[in-house]
Amino acid sequence: MRVCEIAEIIEKIAPVTLAEEWDNVGLLVGDYSMQVSGIVIALDLTDSVINECIAKKCNLIITHHPAIFDKLDSLVITDYTSNLIIKCIQNNINVYSAHTNMDMSDKGINFEMAKLLGVKPNTFLSDGLGVYGEYDGSLAKLLLEIQKITKENEPKIYKSLSSKDAEKHKIAYIGGSGGRIEEIVSKAKELGITTIISSEFKHNILLELVAQNVNIIQIGHFESEIIFVDIIYNLLKSKTDNIYKYVDFK
C-alpha cells in the first residue's frame, strides 16, 4: 500500500476537516505516493520512535501530536524538532499526524476511552470538546477502570464538598489538555455533569468546578491519549504485517 492509501483509511474515521483551524494534521513529512514497508504508531515523534522505525525497517510513523506544529523558519541539527525531521528525511521515513480530527471523531480518542471506561457516551460536550454520558458504578470503581486502561498508578481526584458515593454518574471525558477548557464550567452546569476526567486544568477552573459540585479526576496527558495507538493499530493491522505500537514515554 502507498502512504496515500493509509491516509485515506485514517481519514475515513477522522476527516482532516474535523481538525481545529490552528492544528496541523495529515502528511507532514514525506511522499504520499511512496510504498509503505511498515508502520510505527506513537503519540509523539521522538528520537526513540525514529530509531524503532529504522530498526523494524518501517518507513511510516503515525503520531497523534503533530510532528511539526509551530512554523519552522529553518532546518538545523541543533534545533530539536528540525533534528527529528532531518533524521526522518535522511532515512526516507514518512510522518503522518492525526490530532484534533481524531479527538473530534465519534470513532476517536474521547468516544473510545469513554466506552472502555464503561461510560455510555451521548455526544460531544461542545463542538468536539470531549464527550459525556451515563456511568453506572461508584467513583472507586471508575478509578480502578482508569488505572487498568491507562496504567496510571495514582490518578488525582478532587471531590466536591457535597460529593456522595452515588452509583450513577454523568461523566465527561476530555483527552489531553481539553483545549477550550473554560467552556467546561458552563457545559457542566448545563448538562448536569457530576464528574470530569481530563489531564490538564487551570487552577481557577478546577476550583470553580469543585465549587459547582463537580468531581475532578486528573490523569497524565500521555495516559489520557495513549488509546490513540490502539485505535490506529486496529484500523491498519490487516493492511500490513509490519506494524508496531510504541507506547513508551520517551
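**Exercise 1. Is asparagine 92 buried or exposed?** Work it out for this predicted model, then do the same for lysine 57.

*Solution.* Start by finding asparagine 92: look in the loop between helix H3 (80-90) and strand S4 (94-97). Next, check the backbone. Its phi is near 55°, a positive value in a residue other than glycine. Now the accessibility: asparagine 92 comes out at 51% relative accessibility, and exposed means over 50%, so asparagine 92 counts as exposed.

Lysine 57 goes the same way. You'll find lysine 57 in the loop between helix H2 (47-55) and S3. Phi of lysine 57 is near 55°, again positive in a residue that isn't glycine. With a relative accessible area of 65%, lysine 57 is exposed.

**Exercise 2. Which residues touch the most other members of the largest nonpolar core?** Then trace the contacts of phenylalanine 228.

*Solution.* The largest nonpolar core holds 44 residues, and Ile62, Met102 and Phe228 touch the most other members. Several elements give two or more residues to this core, including helix H1 (3-13), strand S3 (60-63), helix H5 (109-117) and helix H10 (227-236).

Now zoom in on phenylalanine 228, leaving aside its neighbours within four places in sequence. Go along the chain: phenylalanine 228 is in contact with Ile41, Ala42 and Leu43, then with Ile62, Thr63 and His64, and finally with Ala98, Met102 and Ile109.

**Exercise 3. At what angle do helix H7 and helix H8 pack?** Say how the two helices are oriented and what sits in their contact.

*Solution.* Helix H7 (residues 183-191) and helix H8 (residues 203-211) pack at an angle of about 10°, and their axes are 10 Å apart. Angles under 35 degrees count as roughly parallel, so H7 and H8 are roughly parallel to each other.

Who meets whom? On the H7 side you have Ile184, Val185 and Ala188, and on the H8 side Ile205, Glu208 and Leu209. Sorted by class, the contact has five nonpolar, no polar and one charged residues.

**Exercise 4. What is the strand order of the open sheet of six strands?** Find its edges, then look at how S5 joins S6.

*Solution.* Read the order as S5-S6-S8-S9-S10-S7, with mixed pairing. The edge strands are strand S5 (120-124) and strand S7 (156-158), each pairing on one side only. On average, neighbouring strands of this sheet are turned by 20° against each other, direction ignored.

For the S5 edge, count the bridges: four join S5 to S6, and these two strands run antiparallel. As one example, lysine 120 has glutamate 134 in S6 as its bridge partner.

Definitions and conventions
Residues are numbered from 1 along each chain as its sequence is written. This is a predicted model: local features need pLDDT of at least 70, side-chain atom pairs count only at pLDDT 80 or more; totals for chains, interfaces and linings use all residues. Side-chain values use heavy atoms; hydrogens and water are left out. A nonpolar core is a set of buried Ala, Val, Leu, Ile, Met, Phe, Trp, Tyr and Cys residues joined through side-chain atoms within 4.5 Å. Buried means under 20% relative accessible area, exposed over 50%, partly exposed in between (1.4 Å probe, protein chains only). Contact means heavy atoms within 4.5 Å. Axes are lines fitted to C-alpha atoms, for helices over the stretch in contact, and angles run from 0 to 180 degrees between N-to-C directions. Angles under 35 degrees count as roughly parallel, over 145 as roughly antiparallel, 65 to 115 as roughly perpendicular and the rest as oblique. Ala, Val, Leu, Ile, Met, Phe, Trp, Tyr, Cys and Pro count as nonpolar, Asp, Glu, Lys and Arg as charged, and the others, Gly among them, as polar. Two strands pair if DSSP finds at least two bridges between them.
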